[in-house]
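Here are my notes on this one, written as numbered points so you can follow along with the viewer open. Take them in order and find each residue as you go.

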Amino acid sequence: MASLVPAVTNMLLELGESEKLVAVSNYDTDPRVEGLPRAGDLLTIDWEQIAAARPTHMVVQTPAERTPPGAIERAEALGIEIVHVRITRLQDIFETLRQLELALTGRDEDRWWSNKLRGELDGAVPFEAPSVPVPTLIALSADLGFVAGRRNYLDDLLHNAGGVNVVPEDLPDYPRLDREMLLSLRPQKLVLILPDATEPQLAEARAAVDSLSADWGRGWEDVIVITDPYAMVPGWSVIEVSRRLTEGLQTR
C-alpha cells in the first residue's frame, strides 16, 4: 500500500502492519518509514515513485468525485486501487480503519482493526467524565488564536472526556480568533496542542495566557499542554490525546 495520508501511515504502523507499506507521503516523519519512498501528498502524486513501489492500493484523502480523472486513469493503468478516506470526525477514524482492513485483508464483518482502536481508546480513559461538562478551549497555536471549533475529531475527544467546546457552533471547524473573541470565551480549561513545541513557542504561549488571565480568571496552571509529535495526526494518537484530556479535566 502507498499511503499519502500520514494518519493512515500511523494507523498501519501502530497495528503492526508496517510490512504492508511500500511508499508514504512527503509529510511522514516516523523513523519506522524512514527508508520508504516519498510518493506525494494531498495535492500532488509522484507517479514515478508510485510505479517503482508497485503498490496494490493507494490511500488518498480526497473524495472520489474530486480526484482528477488523470490520476484515476494512471492508477488503473498501474493496477492500483485508490482508497479514498475522509478523516474529520472521530467516527471517520474508525471508518478509515474498516476501509484499510477490507482493502488489505478482505475482512469486513469483524472489523478487528477499528475494534482494537476503540478498545484501546476506552482503556485510555480511566476516569469518569465530570458530571458537569467543563467549558474548554482547544488552542493549536502559540498565540492561542488558531483553535479547534466544533465538528472535528478534537471536539469529539473533548466531549468524550467531559468537556464542552466554548467556540461558537457557527464558526468554522478550525477558526482563527482575534483577541476580542478570545476574551469573550472565558474557558475554565485551556488545551494547548503544539506538536514538538520548542521552548520559545511554549514561552510565547505562556505569555499569551498571562495576557488573558485577568479577564478569564484562569492561568497557566489551568492549561493542559500536549506536545506529543503526533498529537495532530488523527490516527492512533487519539488514544494519548484522549487520556491527557480526561486527566486534565479532572483537575479544577
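1. Let's start with a pocket. The second largest pocket holds about 290 Å³ of space. It is lined by 14 residues, and those closest to its centre are L42, L43, T62, R66 and P68. Sorted by class, the lining of this second largest pocket comes to eight nonpolar, four polar and two charged residues. Keep in mind throughout that you are looking at a predicted model.

2. Now move to the largest pocket, which has a volume of about 530 Å³. Its lining counts 26 residues, with V5, P6, A7, Q61 and P234 the closest to its centre. Which helix gives the most to this lining? That is α1, with four residues. As for class, 17 of the lining residues are nonpolar, six are polar and three are charged.

3. Since α1 has come up, have a proper look at it. This helix covers residues 6-14, and seven of its nine residues are buried. If you want to colour them, pick A7, V8, T9, N10, M11, L12 and L13. What do the buried residues of α1 pack against? The list has three strands, β1 (2-3), β2 (23-24) and β3 (57-60), plus the helices α4 (90-105) and α5 (112-123). Just past the end of α1, check G16, where phi is positive at about 75°.

4. Next, the sheet. Four strands make an open sheet, in the order β2-β1-β3-β4, and the pairing is parallel. Which strands stand at the edges? They are β2 and β4 (81-84); each has a single partner strand, so one side of each is left without a neighbour in the sheet.

5. Zoom in on β3 and its partners. Strand β1 runs parallel to β3 and is joined to it by two bridges. You can pick these out by residue: A2 stands opposite M58, and S3 has V59 as its bridge partner. On to β4: four bridges join it to β3, again in parallel. One pair to find here is H57 with its bridge partner E81 in β4.

6. Stay with β3 for a moment and think about its two faces. In a regular strand, side chains alternate between the two faces of the sheet. In β3, H57 and V59 are on one side, while M58 and V60 are on the other. Are these four buried or exposed? They are all buried, and both faces of β3 are covered.

7. Here is a residue worth a click: E101, in helix α4. Glutamate is charged by class, yet E101 has a relative accessibility of 1%, so it counts as buried, the cut-off being under 20%. What does its side chain reach? The side chain of E101 comes to 3.3 Å from the backbone nitrogen of W113. Setting aside residues up to four places away in sequence, E101 touches G106, R107, R111, W112 and W113.

8. A second buried residue sits in a loop. A231 is found between β8 (223-226) and α9 (238-250). Its relative accessibility is 1%, which is why A231 counts as buried. Again leaving out neighbours within four places in sequence, A231 is in contact with Y153, I193, P195, I226, S237 and V241. Try one distance in the viewer as well: A231 and L192 are 39 residues apart along the chain, and their C-alpha atoms are separated by 11 Å.

9. Last stop, the enclosed space. How many cavities of 30 Å³ or more are there? The count is one, and the largest cavity has about 40 Å³ of space. Its lining is made up of P187, Q188, K189, L190, V209, W216, R218, G219, D222 and V223. Strand β7 (189-193) and helix α8 (199-216) each supply at least two of the lining residues. By class, the lining of this cavity splits into five nonpolar, two polar and three charged residues.

Definitions and conventions
Residues numbered from 1 in each chain as written. Predicted model: local features only at pLDDT ≥ 70, side-chain atom pairs only at ≥ 80, totals over all residues. Heavy atoms only, no water. Buried < 20%, exposed > 50% of the residue type's maximum accessible area, 1.4 Å probe, protein only. Contact = heavy atoms within 4.5 Å. Polar contact = N/O pair within 3.5 Å; in protein donor to acceptor, adjacent residues only side chain to side chain. 1 Å grid on protein atoms, 1.4 Å probe; cavity = no way out; pocket = protein on both sides within 12 Å on 5 of 7 lines; lining within 4 Å. Points joined across faces, edges and corners; volume = space filled by probe spheres on them. Pairing = 2+ DSSP bridges.
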